[in-house]
Amino acid sequence: PTARILSLGGVSALATGTEAVFYNPAGFSRLDRSGVVVSHVQFALDTRLDSAGMVVPLSPRLGMLGVSVLALTQGRLAGRDDQGNIAGSFAAYDSVIGLSWSRQIDLFDSLQGQFGLTSKFIRQVIADASAQGAAFDFGFQATPTIAPNLKLGVSAHNVGPKMNFGGESYQLPLCVSAGMGYMIGKNVLVQGGANHKPYGGKTTASAGAAVGIGFGWSLRAGLAQSLVNR
């Protein structure tokens with residue numbers, strides 16, 4: 001849902017800041033103040049993706065709390081009868097509401113880490129049919145104390161039971177991600193990673209780089225390549 005992750009090739013395991021509520025809940029634990037992110041993506045045929053996320057600090061000991069909303073909405077679709085004739089119209093949309101928690105943890109003297117968890121409520125609607133379900137996202141990020149410019153991240157999305165739609169059950173789109181990034185000096189970031197969807201039989205490798213040009217602006221470029229399709 002956000003441009004920065006896409007512009008870096010989609011290495012979602014290394015997401016930081018408020019937008020990490022959508023990608024890796026561990027990524028917003030380092031924030032020391034509240035944040036809000038809002039996004040709107042307009043596709044063809046009046047299909048759109050709207051999102052909003054917010055994080056607030058609880059305390060250094062309790063960590064950070066976040067909430068997020070995603071909605072994929074289609075325009076009115078033409079309904080058809082058994083003979084293929086147009087018979088009215090209907091709507092279709094998917095929505096996800098998430099509640100996230102994140103906290104910094106130090107597992108070892110040589111490793112500074114962050115852990116995050118998101119619980120999600122999912123709803124899908126097509127005309128008069130609907131389905132509801134629940135899922136969890138998990139995330140972890142770490143920085144070795146001997147290499148403070150190196151960052152590691154892993155995450156798992158949509159861990160949960162099957163959903164049932166119209167009498168048919170199906171797996172949620174489980175996705176496991178891993179990534180590694182390195183800061184060269186203060187203004188250059190390079191990173192790479194992979195996303196694997198076991199139920200879809202698809203693995204995508206990603207790489208990206210960002211160069212700070214001052215005044216909070218950066219130039220970014222990324223590449224994503226599908227490795228396995230089934």
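1. Nonpolar cores. In this predicted model, the largest nonpolar core has 10 residues in all: I5, A15, A20, V21, F22, Y23, F28, V37, V55 and M64. Apart from it lies another core, of five residues, with I122, A131, M163 and L172 among them. As background, nonpolar side chains in soluble globular proteins tend to be buried together.

2. Surroundings of Y23. Y23 belongs to the largest core. When neighbours within four places in sequence are set aside, its contacts are P1, T2, I5, S12, A15, S155 and H157. Of these contacts, I5 and A15 are also members of that core.

3. Salt bridge R4–E19. A search of the whole structure finds three salt bridges. In one of them R4 pairs with E19, and the closest N and O atoms are 2.4 Å apart. Because R4 lies in helix α1 (residues 3-7) and E19 in the loop between α1 and β1 (35-42), the pair ties together parts that are 15 residues apart in sequence. R4 is partly exposed, with a relative accessible area of 31%, whereas E19 counts as buried at 8%.

4. Salt bridge K120–D137. The side chains of K120 and D137 meet at 3.2 Å, N to O. K120 is in strand β7 (residues 111-126) and D137 in strand β8 (residues 129-144), so this salt bridge ties together parts that are 17 residues apart in sequence. K120 counts as buried at 13% relative accessibility; D137 is buried as well, with a relative accessible area of 3%.

5. Salt bridge R48–D50. Here the closest N and O atoms are 3.3 Å apart. R48 is partly exposed, its relative accessible area being 28%, and D50 also counts as partly exposed, at 25%.

6. Hairpin β12–β13. Strand β12 (residues 175-184) pairs with strand β13 (residues 188-197) in the antiparallel sense over nine bridges. Within this pairing, Y182 has V190 in β13 as its bridge partner. The two strands form a hairpin with three residues between them, and G185 in the turn has a positive phi of about 70 degrees.

7. Hairpin β13–β14. β13 also runs antiparallel to strand β14 (residues 202-214), to which 10 bridges join it. The bridge partner of L189 in β14 is A210. Four residues separate β13 and β14 in this hairpin, and G201 in the turn has a positive phi of about 60 degrees. β13 thus pairs with β12 and with β14.

Technical notes:
Residues are numbered from 1 along each chain as its sequence is written. This is a predicted model: local features need pLDDT of at least 70, side-chain atom pairs count only at pLDDT 80 or more; totals for chains, interfaces and linings use all residues. Side-chain values use heavy atoms; hydrogens and water are left out. Two strands pair if DSSP finds at least two bridges between them. A nonpolar core is a set of buried Ala, Val, Leu, Ile, Met, Phe, Trp, Tyr and Cys residues joined through side-chain atoms within 4.5 Å. Buried means under 20% relative accessible area, exposed over 50%, partly exposed in between (1.4 Å probe, protein chains only). Contact means heavy atoms within 4.5 Å. A salt bridge is a side-chain nitrogen of Lys or Arg within 4 Å of a carboxyl oxygen of Asp or Glu.
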